[in-house]
Amino acid sequence: MKRFIYLVSFLIILTSFPFFLHAQTKEITLEPVVVTATRVETPIEEIASSITVIHSEEIERKQKISVLEVLRGLPGLDVVQTGGMGGTTSIFLRGANSEHTLVMIDGVEVNDPISPGRSYDFAHLTVDNIERIEIIRGPQSTLYGSDAIGGVINIITKKGEGKPIVNLSAEGGSFTTFRETAGVSGGNKWINYSLSLSRLDSEGISAAGKKYGNYERDGYQNTSISSRLGFTPLDNLYIDFILRYVNAESELDSSSGVGGDDPNYIQRISRFLFKTEAGLSLFDQFWNQKLGFAINQNNRNYKNKIDPVNPLYEKSNYKGELLKFDWQHHLKLHKTNSIIFGFEYERDEGKSKYYSEFMGWPYLSVFPKKTTNTKGYFLQDEIRLWDRFFAMFGIRVDDHSLFGSETTYRIAPAYLIKETGTKVKGTFGTGFKAPTLYQLFAPATSWGPIGNINLKPEKSRGWDIGAEQEFLKKRVILGATYFRNDFKNLINFESGLGYININKAKAEGIELLASIKPIDDLTLSFNYTYTDTEDKKTERELLRRPKNKFGLDINYHFLKKGNVNLGVIYVGKRDDMDWSVWPARRVELDGYTLVNLAASYNITKNFQLFGRIDNLFNKEYEEAKGWGTPGLSFFGGIKLSF
């Protein structure tokens, strides 16, 4: 009944107004094409998927230093961090679980193979060398295979061009935070390059919530390197090399957060990503192909010494590696039709070791090296008719080394009414997520089994329908989208049984967006998301998903030298678990509103001053039960370019 009410309500809005809130922010209009939605560069107006694109200019205007800060406030997306800098960070797309979002950097999967759910922790990803971030909402397994049940986030690095440019910056602020960056980029017809290095140090806040009596600061350090090198030896041939490396150290508190001050609990992580890709165009661009190889390594180490609040000595390490080979073909059969097809081979590998000691009694748990591999075959047909109708039909078969094959499909039509600036769109597709290494192979304990090699893949079916409307030569852009996702075979841990396929869930809602540009130098962007979720087993809402979320961004550029950005984020009430008591109990977290302010001014074309204020009104809030969040904080710095 709820589903019917939502759909009818949406159709009433659709037929009552010839203009609808645009399902894309202003930043999308600055970039005529996207890559992630189709795997090739495609004009945005031809895409039916719900897309948000964040460009480097917006990141710079808001002065964000991490990708998780950039993602906060976006439609259909929720960010939850346990503690301050370095705290584990989860992303929920349209109500799906955090491990149901596939995260990529330049098309390379970076989800951690050895984490229990194979999710990606955004805590350590800085904005260095990022050209844009493309977020595609809804099932995307037809193009990307496993993990893309909720959607895909693809971070695309900068491609150097023109004369060499050197950038240097330094900033400091609250919590004894300092950040330094250096970069160089450039290119010509034959070669392009970009390189960025950054260092971040902060004494931080207490990872465990201050409101629960925790005051010990938990510091954070991050060193990041990002580089891209490309060669074009022939007009129809290119070769790219991409590398990204992160080394970070976080001071942690107890896993519950509440009452969890721990003076010597340390996490050290290192991440290494390398990709090489060659592209060849033949027969006057009729046949375009790409051949790529990538490796992604994740290492995590934890150490917790004995202290007055912790009588247990603990040490553990987790090593995961992803190898991927892909070969993609794009045939431009006619101006009205093109086909994309390809093959992917992916291998997951992981191992871990945990050691603890209590009053002289040792305990050792070893997860030996395990591997799985998947072969994927995909085909997508793109149709363009009358420069108005665009449709994509895709199918994919993935062959997993344990559970066998899985077939997914997707349909995504869009229709433009150019005379009125109207776009009507919709998508329907299926998705799946393969069981993780840990879920399959985790060794049994004296309390019972954990891993289960008989697990089936998690599955989803999702659809959406929406419309977009432009006014006054794109000075006003409005849009609305209704979405529905159903999940089954969800994997859950049951005491005495281990991991089993048991749960079903659903998520549905509405995304409303608007962008208004009353004058050339002033832009106002608004978004609102309503999400209704349900765990079919318990008939309760899914944890950490607010029903209501609101975002407002106002940006003003003045005197051709300065910029002011005001951001407002509202997150409504949502449920979480309180793990400080036994048995753990379900609690409701209060809603909260955050206001952030950033400003910059170019003293000369080579010298810029910038500053920002986060949580302007010093709001006390929780993203996760028991974990700390920063209050009013100030940051400022300088940037040089030559």
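Accessible areas here come from the Shrake-Rupley method with a 1.4 Å probe. On that basis, the protein in this predicted model exposes about 27900 Å², and carbon and sulfur atoms supply 60% of that surface. Looking inward instead, 54% of the 642 residues count as buried.

As for confidence, the pLDDT averages 92 over the protein, and 94% of the residues score at least 70. Residues 1-31 are a stretch to read with care, with a pLDDT below 50. Even so, this stretch has 76 contacts in the model beyond near neighbours in sequence.

In terms of secondary structure, the protein has six helices and 33 strands. Its radius of gyration is 24 Å, close to the 26 Å that the globule rule gives for 642 residues, so the protein is as compact as a globular protein of that length. Taken along the principal axes, the C-alpha atoms fill a box of roughly 75 × 60 × 55 Å. Contacts also reach across the sequence: among those between residues at least 6 apart, 63% join residues at least 24 apart.

Turning to the strands, one open sheet has five of them, in the order β3-β8-β9-β6-β7 and with mixed pairing. Its edges are β3 (50-55) and β7 (108-109), each of which pairs on one side only. The partner of β3 is β8 (residues 130-137), and six bridges hold this antiparallel pair. Within the pair, Ile54 has Ile133 of β8 as its bridge partner.

Ile133 turns up again in the largest nonpolar core, which has 27 residues. Along with Leu71, Phe122 and Ile153, Ile133 touches the most other members. Several elements each supply at least two residues of this core: α4 (67-71), β4 (77-81), β5 (89-93), β6 (101-105), β8 and β9 (151-157). The largest share, four residues, comes from α4. A look at Ile153 shows how these pieces meet: leaving aside residues up to four places away in sequence, Ile153 touches residues including Leu71, Leu77, Ile91, Val103, Phe122 and Ile133. Glu134 and Thr101 are also among the residues that Ile153 touches. Another core, of 11 residues, lies apart from this one, and its members include Ala37, Ile51, Val53 and Ala414.

Further along the chain, antiparallel pairing joins β12, β13 and β14 in succession. Strand β12 (residues 191-202) is joined to β13 (residues 220-234) by 12 bridges, with Ser194 standing opposite Arg228 of β13. Then β13 runs antiparallel to β14 (residues 237-252), this time over 13 bridges. Here Phe231 has Ile239 in β14 as its bridge partner. The link from β13 to β14 is a hairpin through two residues.

A comparable run involves β16, β17 and β18, again with antiparallel pairing. Between β16 (residues 287-304) and β17 (residues 312-334) there are 18 bridges, and Gly292 has Asp326 in β17 as its bridge partner. On to β18 (residues 337-358), β17 pairs over 21 bridges. Leu312 stands opposite Phe358 of β18, and a hairpin with two residues between the strands is formed by β17 and β18.

Definitions and conventions: Residues numbered from 1 in each chain as written. Predicted model: local features only at pLDDT ≥ 70, side-chain atom pairs only at ≥ 80, totals over all residues. Heavy atoms only, no water. Pairing = 2+ DSSP bridges. pLDDT = per-residue confidence, 0-100. Contact = heavy atoms within 4.5 Å. Rg over C-alpha atoms; globule rule 2.2 N^0.38 Å. Buried < 20%, exposed > 50% of the residue type's maximum accessible area, 1.4 Å probe, protein only. Core = buried A, V, L, I, M, F, W, Y, C linked by side-chain atoms within 4.5 Å.
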